[in-house]
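Welcome, and thanks for taking a look at this one. Please load the sequence and coordinates first, then read along at your own pace.

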Amino acid sequence: MSGALLEITGLSAYYGSAHVLQGVDFSMGVEPVSLICRNGMGKSTLCNSIMGLVGHTTGSVRFDGHELRGAPAYRVADAGIGYVPQGRRLFRSLSTDEHLRMLRKPPAGSRWTIDSVYELFPRLTERKRISATQLSGGEQQMLAIGRALLSNPRLLIMDEPSEGLAPTIVETMVATCKLLVQEGMAVLLIEQNLGVATAVAERQLVMVAGRIHTETTAGALLGDPDLQRRFLGVEPLAESGGAASGGSTDGGSTGAPAGPAGAPASAE
Ligand SMILES: Nc1ncnc2c1ncn2[C@@H]1O[C@H](COP(=O)(O)OP(=O)(O)O)[C@@H](O)[C@H]1O
Ligand SMILES: [Mg+2]
C-alpha cells in the first residue's frame with residue numbers, strides 16, 4: 001500500500017459482453033488530477049465504477065487504504081468520495097433548496113453545510129424555490145457541486161462539469177475547482193475539454209480505449225499537438241495559439257477559459 005488517497009489497480013468494467021474499462025491503473029493523493037479522453041472511451045464508466053454504480057467490475061479501488069470495489073454507492077460516499085455526475089442528475093420535482101435539504105445533515109463544525117454552499121454560490125440563494133431543472137446550466141452545475149460538497153468529501157470526482165456551459169460560466173466553474181483545491185480537497189476532474197483539464201490540475205492522465213495510456217503534465221500536454229490530435233481528437237491548442245473559440249452555449253459544446261478544445265460534448 002503506497003499511502004495514496006485513491007489507488008486504482010487493474011480496474012475493469014463490463015456492460016454485458018462489452019469490456020469497457022480494460023485495466024485502469026493510477027493513484028493520487030490530495031493533489032488535483034485531470035483525466036482526459038475522447039468521448040465514448042469510458043470516462044463516465046470509470047467514475048461510476050469508482051462510485052459503485054456499475055454492476056460488473058473487477059480489480060481494485062482502494063480509498064484511504066480500504067477496498068471499495070464492489071461496495072454500494074452509499075458506502076463509497078460514506079467513505080469520503082463526493083460525486084458530481086455528468087449531466088448533473090437533478091430532480092425535476094425538487095427545488096434547489098430541497099436538493100440540499102434532502103441530504104443527511106452534516107455534523108456540527110463541518111466545512112460544508114447548506115449555509116456555506118449558499119455562500120459559495122450566492123446565485124443559488126436567489127433561486128432556492130424553483131425547480132432545479134428550471135435553473136440555467138451553470139446554476140444546475142453549482143447545485144450538483146453543492147450537493148456533492150454536503151457530504152464533506154475528502155475526494156471530489158467531477159465528470160465533465162464544463163459540458164454544455166457558456167465560456168464565462170466555465171470560468172466560474174474552474175475558479176470553484178481551484179478554490180476547493182486550495183482548501184485541500186482532492187479533486188479528480190474528468191474532462192474532454194483540454195482547457196479546463198489543464199487549468200485545474202498539473203497532473204494529466206490520458207485515457208485511451210479504457211486504459212490510462214499516458215501520464216503527463218498540463219504544460220507538456222498543451223505543448224504536444226501530436227498527443228492532442230492522436231489521443232484526444234482535438235484541434236491542438238498549441239497550434240491554434242492556445243485561445244481557440246469553443247463557441248459554447250448553455251446548451252451547446254465544450255468551452256474553456258484557457259482556450260477550449262475538444263469534440264462537441266454529448267448531451268446526457
Ligand atoms: N449503461 C450502459 N450499458 C451499455 N453500454 C454502456 C453503458 N454506459 C456506457 N456504455 C458504453 O460504454 C462505452 C463508454 O461509455 P462512457 O463511459 O459513457 O464514455 P465517456 O464518458 O468517455 O463518453 C461506450 O461505448 C458506451 O456506449
Ligand atoms: Mg461520459
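## The nonpolar core

Which residues have the most contacts inside the largest nonpolar core, and how many residues does that core have? This is a predicted model, and its largest nonpolar core has 66 residues. Those with the most contacts inside this core are Leu156, Ile157, Val187, Leu188, Leu189 and Val200.

Val200 is a good place to start looking around. Setting aside residues up to four places away in sequence, Val200 touches Pro32, Ser34, Val174, Cys177, Lys178, Val187 and Leu189. Val187 and Leu189 are also listed among the residues with the most contacts inside the core.

## The chain as a whole

The protein chain holds ten helices and ten strands. Of its 268 residues, 46% count as buried.

Now for the contacts with a separation of 6 or more: residues 24 or more positions apart account for 66% of them in the protein chain.

## Around ligand 1

Ten positions are worth highlighting in your viewer here: Tyr15, Ala18, Val20, Asn39, Gly40, Met41, Gly42, Lys43, Ser44 and Thr45 are the residues around ligand 1. The elements that give two or more residues to this shell are strand E2 (18-28) and helix H1 (43-50).

Which element gives the most to the shell? That is H1, with three residues. Sorted by class, the shell around ligand 1 has four nonpolar, five polar and one charged residues.

## Helix H6 and its surroundings

Helix H6 covers residues 137-149. Its 13 residues should span 18 Å at 1.5 Å a residue, and the end C-alpha atoms are 18 Å apart, so the expected and modelled spans agree.

Is H6 largely enclosed or largely open? Eleven of its 13 residues are buried, so the helix is largely enclosed by the rest of the structure. The buried residues are Glu139, Gln140, Gln141, Met142, Leu143, Ala144, Ile145, Gly146, Arg147, Ala148 and Leu149. They pack against strand E6 (81-84), helix H3 (96-101), helix H4 (114-120), helix H5 (122-126), strand E7 (155-159) and helix H7 (167-182).

Ala148 gives a close-up of this helix. It counts as buried because 22 C-beta neighbours lie inside 10 Å. Leaving aside neighbours within four places in sequence, Ala148 is in contact with Gly82, Tyr83, Val84, Pro153 and Leu156. Ala148 and Ile81 are 67 residues apart in sequence, while their C-alpha atoms are 8.7 Å apart in space.

## A four-stranded open sheet

Strands of a sheet pair through backbone hydrogen bonds, either parallel or antiparallel. In this model, an open sheet of four strands runs in the order E2-E1-E4-E5, with antiparallel pairing. E2 and strand E5 (66-67) stand at the edges, each with a single partner strand, so one side of each is left without a neighbour in the sheet.

Strand E1 (residues 6-15) is joined to E2 by eight bridges, and the two run antiparallel. Glu7 is found in E1 and stands opposite Ser27 in E2. The C-alpha atoms of Glu7 and Ser27 are separated by 4.2 Å, though the two are 20 residues apart along the chain. Glu7 is buried, because 20 other C-beta atoms lie within 10 Å.

## Strand E9 and its two partners

How many bridges join strand E3 (residues 33-36) to E9? There are four, and these strands run parallel. Within this pairing, Ser34 has Gln204 in E9 as its bridge partner. Ser34 is also one of the residues that Val200 touches.

E9 is also joined to E10, here by six bridges and in an antiparallel arrangement. Val206 stands opposite Thr214 in E10. E9 and E10 form a hairpin with two residues between them.

## Two positive phi values

Ala209 sits in the turn of that hairpin, in the loop between strand E9 (203-208) and strand E10 (211-217). Its phi is near 50 degrees, a positive value in a residue other than glycine. Ala209 counts as partly exposed because it has 14 C-beta neighbours inside 10 Å.

Where is Arg89 found? It lies in the loop between E6 and H3. The phi of Arg89 is near 55 degrees, again a positive value in a residue other than glycine. With 14 other C-beta atoms within 10 Å, Arg89 is partly exposed.

Technical notes: Residues numbered from 1 in each chain as written. Chains lettered and ligands numbered in written order. Predicted model: local features only at pLDDT ≥ 70, side-chain atom pairs only at ≥ 80, totals over all residues. Near = placed C-beta within 6 Å. Nonpolar A, V, L, I, M, F, W, Y, C, P; charged D, E, K, R; others polar. Core = buried A, V, L, I, M, F, W, Y, C linked by C-beta atoms within 7 Å. Buried ≥ 20, exposed ≤ 12 C-beta atoms within 10 Å, placed from the backbone. Contact = placed C-beta atoms within 7 Å. Expected span 1.5 Å × (residues − 1). Pairing = 2+ DSSP bridges.
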